Amino acid sequence: MLASYVPIVIFILVALSLPVVGLVVGRLIRPYKPHATKLMAYECGVDPEGDARDRFSIRFYIIAILFVVFEVETIFLFPWAIIYRRLALFGFIEMLVFLGILIVGYFYVWKKGALEWV
Amino acid sequence: MDINYTAILPEIMLSLVGICIMLLIPFVPRERQTHLGYLALAGIVLAFFGVAMGWGQTDLAFSEMIFQDDFGQFSKIFFLFVSTVILLISMNYLEQEKLFQGEFFVLLLFATVGMLFMATSADLIMTFLGLEVLSISTYILAGFKERERKSSEAAWKYFLLGAFSTAFLLYGIAFVYGATGSTKYLQIAEAIQASPDYSLILFVGLGLMMVGFGFKVALAPFHAWTPDVYEGAPIPITALLAVASKGAALLALVRILYQVFPDLSQQWQAILWPMAVMTMAIGNIAALTQSNIKRMLAYSSIAHAGYLLVGLTAHNPLATQGILFYLVAYAFMTLGALIVVQIVGRREEQHTTIEDYNGIGYRYPFLGIALSVFLISLAGIPATAGFMGKLFVFSAAVQSQMYGLVVIALVTSAIGLYYYLRVIVSMYMGEFKTEKIPITISMPLRIILTLLVLGTLYLGILPGSLLNLAEEAASF
């Protein structure tokens, strides 16, 4: 019974050693020349301004939710596109219905002015 | 692919009309947004036609996701009826409170879709989706008076506790899936029947699911949110939560316990028995000391959930029939009582203490008689729907030889008499104080109230017709 846990233990050990080995080997091989720009927090290439722990506009929240909604939409689109031929016309119409409902939401949000930046 | 669109025709109609209203909202001027309620009403009427199209058919539609049977049809008609009443009173309410936002109707329609799915679902995932659609809509609706602290507080409490309890339900579903290898009702039932040495995982799953549903039905010890949320929410939404949300969760629970876990009835009866006792006792005893009528009705709704649970514990065909009957009776009297509370509350719900009812019986005879009938029915006095409902539910429990439970139920409902009658006493014997704003009753509300009073009395004197319908619906 206990023997059946051996693979799990091995798996955990391998999982733990992977990042450790990677970091150690990297540290040994790479040249080490730190300077201010290199140590700066990375924010899409733009120089960071102030602390991240700050109050920010509630509008970001709405944008973030909208982003998630359309992100999920694309997640559904990928598997649909892969078996598109098998689903045939039925799948096409179903996806139109799905997109239609999302577009209504988008339209509603737009008209309500949630996308206007002050 | 096995798809039968007539099985979800009402849901499609409601969703389509809801989407149409969303498209219209930006184009309708603010003051006229309450008129969108008529469109929502048209949607519900269409949904009634949708139910009629599938009448009498039995099927397992959408790849065994949706039951189409008499139980489902009965529930659909029930929920559509409740939504119609709530829609009509909320149009009046929004006008009075100057809450001109068409989103209210959209959310109400979507909540109704959730209820319909819960009552007809044949798959635990579908039940979960229905519950989520219903819950998310009601979280927002409970906080619809955004400027009022109490309403926001209600929405937050309901949202946090609701999300937490939904997690329990989902966790339970996962355990049941782990134990049986399926989320489909019929396949789970088969898997349980096939291997009678039940695993612990299965019991854990069942228990967690009952926590999730217990929260939505407001059963003790998961009832703590009820009074605060019912008090803070706008009155039509209090009615929605007390009648429709509770009913949807209860009917889903009936289906799950009776159809999926009938073989484990001994075990879940052992859990439900003490829950029923606690729910009835806490509901009735806590209601005694309430001075706010909305809070009192919230505790009264907990007590009634307890009576329904007595029927659920009985586990026989008479019990299902009794529960369906009781639910309709409960809807009539609770909706009616809350409509009177809305009328007496006036603008911003300023008059919701029991003292505000002093002398109203003589000053406004119509309201006095209506509220008296509803409260007498809630107390379970003969010749009203509430009495008949209790009779059927309790006799189902007697049939299953649960004498102890029935005795406790009778004692607690006797305690309940006090707080219902207290309001009637203050209406007829309290001294009337001159009011700043006189009470006005709009014509639609007067008609609805009259119909609900007549319905309560009709079901109390001639319960036969509804009982026959419930009997047909009770055979899964």
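# A walk through chains A and B

Start in the loop of chain B between helix H9 (200-217) and helix H10 (226-232), and select B:Pro221, which sits there. Keep in mind as you go that you're looking at a predicted model. Now add B:Ala220 to the selection: the peptide bond joining B:Ala220 and B:Pro221 is cis, with omega at about 5°. That's worth a pause, because most peptide bonds are trans.

**Zoom out to chain B**

Show the whole of chain B. You'll find 20 helices and 2 strands in it. Turn it around and follow the C-alpha trace, which spans about 70 × 55 × 40 Å along its principal axes. How does the radius of gyration of chain B sit with that of a compact globule? A compact globule of 476 residues would come out near 23 Å, and chain B has 21 Å, so the two agree.

Try colouring by burial next: 56% of the 476 residues of chain B count as buried. If you draw contacts too, look at those between residues at least 6 apart in sequence; in chain B, 79% of them join residues at least 24 apart.

**Two helices side by side**

Select residues 235-260 of chain B, which is helix H11, and residues 293-314, which is helix H13. Their axes are 11 Å apart, and the helices pack at an angle of about 15°. H11(B) and H13(B) are therefore roughly parallel to each other, and their crossing is right-handed.

Which residues make the contact? Show side chains for these:

- From H11(B): B:Thr238, B:Ala242, B:Lys246, B:Leu250, B:Leu253, B:Val254 and B:Leu257.
- From H13(B): B:Lys294, B:Ser301, B:Ala305, B:Leu308 and B:Leu312.

Colour that set by class and you get 8 nonpolar, 2 polar and 2 charged residues where H11(B) meets H13(B).

**Two loops with a positive phi**

Carry on past H13 into the loop before helix H14 (317-345) of chain B, and select B:His315. Its phi is near 55°, a positive value in a residue other than glycine. Again, that's a spot to linger on, because most residues other than glycine have a negative phi.

Is B:His315 buried or exposed? There are 22 C-beta neighbours inside 10 Å, so B:His315 counts as buried; the cut-off is 20 or more.

Now jump to the loop between helix H17 (385-399) and helix H18 (403-429) of chain B, where B:Gln401 lies. Here too phi is positive in a residue other than glycine, near 60°. As for surroundings, B:Gln401 has 10 C-beta neighbours inside 10 Å and therefore counts as exposed.

**Over to chain A**

To cross from one chain to the other, look for the 5 residues of chain B that are in contact with 6 residues of chain A. On the chain B side, the touching residues are 5 nonpolar, with no polar and no charged ones.

Once in chain A, select helix H3 (residues 59-82) and helix H4 (residues 84-111). Their axes come within 10 Å and cross at roughly 170°, so H3(A) and H4(A) are roughly antiparallel to each other.

Last selection: light up the residues that meet.

- In H3(A): A:Leu66, A:Val69, A:Glu73, A:Phe76, A:Trp80, A:Ala81 and A:Ile82.
- In H4(A): A:Tyr84, A:Gly91, A:Met95, A:Phe98, A:Leu102, A:Gly105 and A:Val109.

By class, this contact of H3(A) with H4(A) holds 11 nonpolar, 2 polar and 1 charged residues.

Conventions. Residues are numbered from 1 along each chain as its sequence is written. Chains are lettered from A and ligands numbered from 1 in the order in which they are written. This is a predicted model: local features need pLDDT of at least 70, side-chain atom pairs count only at pLDDT 80 or more; totals for chains, interfaces and linings use all residues. Axes are lines fitted to C-alpha atoms, for helices over the stretch in contact, and angles run from 0 to 180 degrees between N-to-C directions. Helices (H or I, at least four residues) and strands (E, at least two) are DSSP runs, numbered from the N terminus. Angles under 35 degrees count as roughly parallel, over 145 as roughly antiparallel, 65 to 115 as roughly perpendicular and the rest as oblique. A crossing is left-handed if the near helix is turned anticlockwise from the far one by less than a right angle, and right-handed if clockwise. Two residues are in contact if their C-beta atoms, placed from the backbone, lie within 7 Å. Ala, Val, Leu, Ile, Met, Phe, Trp, Tyr, Cys and Pro count as nonpolar, Asp, Glu, Lys and Arg as charged, and the others, Gly among them, as polar. The radius of gyration is taken over C-alpha atoms; the globule rule is 2.2 Å times the number of residues to the power 0.38. A residue is buried if 20 or more other C-beta atoms lie within 10 Å of its own, exposed if 12 or fewer, and partly exposed in between; C-beta atoms are placed from the backbone.
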